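Okay, thanks everyone, I'll keep this short. Have a look at the fold on the screen, and I'll walk you through the sheets and then the pocket.

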Amino acid sequence: MTDIQRCEIRPGCLVEWTLHPRTVEAAAGLPEDSRPPAYVQESHVRTARSVRDDGLFVPTWLGTAFDIPGQVDLDVLQHALRDWTLRHETLRSGFRWSGDEMRRFTLDADAVVLHREDVGDFAEAATLTRYLQDRFDVAADALTWPNFIYTAVVRADGASVYMAFDHSNVDAYSLHRIAAEIHELYEAGLKGRSVATAPVASYVDFCAIERAQADEIDDTHAIVARWREFIAQCDGKLPGFPVDLGLDPEGPLPAQKFMHEMLVDAADAADFEAYCRPYGGSLVGILAATALIVREIGGQEVYRTVVPFHTRAKSKWSDSMGWYVGGAPIEIPVARAADFDSALGMVRAALRESRPLSRMPIARVLRLLGSDFRPTSPDLYSIVSLVDSRDTPGSERWQELKAYGLIRISYGDQVCAWLTRVHEGLQFASRYPDTDIAHKNMRLYAEGLRERIRSVARDREEALAGRARA
């Protein structure tokens, strides 16, 4: 994961695809789709509207970038992009307001037509980068529809594809799969054949199922009680990152800064994973390390956070593009951790207890709590997330194809840290408030993670060497 400034954009001729005006016009007259938005979608759109009403435009799109080597046939690429769009129903489904209610509409597949526009040549990478970011901000906005755009920067030796989506359509798992799927469709098109795949399950269907299940609980449910207790322990709010970020509580929403680097190489990542495996794996290790580090930085005796988990509980959702993410509240009494192993044990126990809560949308819980959680920031809380992408189709070619997931860096008062296990090691990316204090403490956090992982890896290697000598 990176931002658009760091995804190796090179000059070339820019081409873009959006839904054809006739398609957009057809959507305007569609009847209501009875399948409601997911709670996470509704919360996202309402948050965007709330922040916009406060006078601030905060882009929150996600995207992907990847190369197609060799001379590119734009007609074939356009067919591939349309075929891919039809796989994922969420892309032809949007929302309109009826009073204060969000209502869904969904286009039939036959109505989807892409419109291609040749934007022109860009001689400088910086100018092209600025153009793409500004274009994506408008075309993939949470409060409009369509809310996605595809582009290609064409050169004599190939093309770079850049695609942006409002977050309501995608999560990290979705982004990771796109490059291989488009490549497969494009290469099949060049050979004049179709790709035989099973129908992809619809995220729109998932939204309806999840929402119906969420609406079955009320404010007496044990899940709501646990969240009520957790939020009370966080002073009535969802948790932020527990270090000083240099924020002015009365000031405007701050601009964000971005940090991105390879944390450790593949060998250290593998040793860390092996060490943590008896406790549940690398996620447990990252959270345990985080709890110890924030205690060192900020003196927190209890580390409280919301851990994101995917909600693709059934295999049929595994190929589906959508926002399949829930959150589980955990608290780690890190002041009682004598060492890393004891912190690992605490995290393992906390995750075992709390992970089932991630299947209940947080937005539903907040509604049942009856508190005023009017959002003033696009991120409701801070997160530390880990995704292992090595089993993703095509991930072994990501470096060769300059393939990236893209994050928009704009405004926010929370910390979002994404760790991604790739074949080359463990990547770290984070957006955080652009203050000197936040930068210093986030630098301490990243370096602390690196040192903890390397220390665990060294200890494991020394232990294995000692056993071999014995």
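Let's start with β11 and β13, which run parallel and are joined by 6 bridges. If you want one spot to click on, take V387: its bridge partner in β13 is T420. Just keep in mind that this is a predicted model.

So where do those two strands sit? They belong to an open sheet of 4 strands, and the order is β8-β14-β13-β11, with mixed pairing. Which strands stand at the edges here? That would be β8, residues 256-265, and β11; each has a single partner strand, so one side of each is left without a neighbour in the sheet. From one strand to the next, the twist averages 15°.

Now add a helix. Helix α9, residues 282-298, lies across β11, β13 and β14, the last of these being residues 425-433. Relative to β11, α9 runs at about 155°.

Okay, on to the other sheet I wanted to show. This one is open too, with 6 strands in the order β5-β1-β6-β7-β2-β12, and the pairing is antiparallel. At the edges you have β5 (114-122) and β12 (404-407), each pairing on one side only. Here the twist averages 20° from one strand to the next.

Zoom in on one pair in there: β1, residues 12-19, and β6, residues 148-155, pair in the antiparallel sense over 5 bridges. An example to find on screen is C13, whose bridge partner in β6 is V154.

Right, the pocket. The largest pocket has a volume of about 1,200 Å³, and 48 residues line it. Which of them lie nearest its centre? Those are H167, P308, W323, V325 and I383.

What kind of residues make up that lining? It divides into 30 nonpolar, 11 polar and 7 charged.

And which element gives the most to the lining? It's α2, with 8 residues. Several other elements each supply at least two residues, including α5 (172-190), α6 (203-214), β9 (303-310), β10 (325-332) and α11 (362-369). And here our opening pair comes back: β11 (383-388) and β13 (416-422) are also on the list of elements that each supply at least two lining residues.

So if you take one picture away, take this one: β11 and β13 run parallel, α9 lies across both of them and β14, and β11 and β13 each supply at least two residues of the lining of the largest pocket. That's me done, over to you.

Technical notes: Residues numbered from 1 in each chain as written. Predicted model: local features only at pLDDT ≥ 70, side-chain atom pairs only at ≥ 80, totals over all residues. Heavy atoms only, no water. 1 Å grid on protein atoms, 1.4 Å probe; cavity = no way out; pocket = protein on both sides within 12 Å on 5 of 7 lines; lining within 4 Å. Points joined across faces, edges and corners; volume = space filled by probe spheres on them. Nonpolar A, V, L, I, M, F, W, Y, C, P; charged D, E, K, R; others polar. Pairing = 2+ DSSP bridges. Axes fitted to C-alpha atoms, helices over the stretch in contact; angles between N-to-C directions. Contact = heavy atoms within 4.5 Å.
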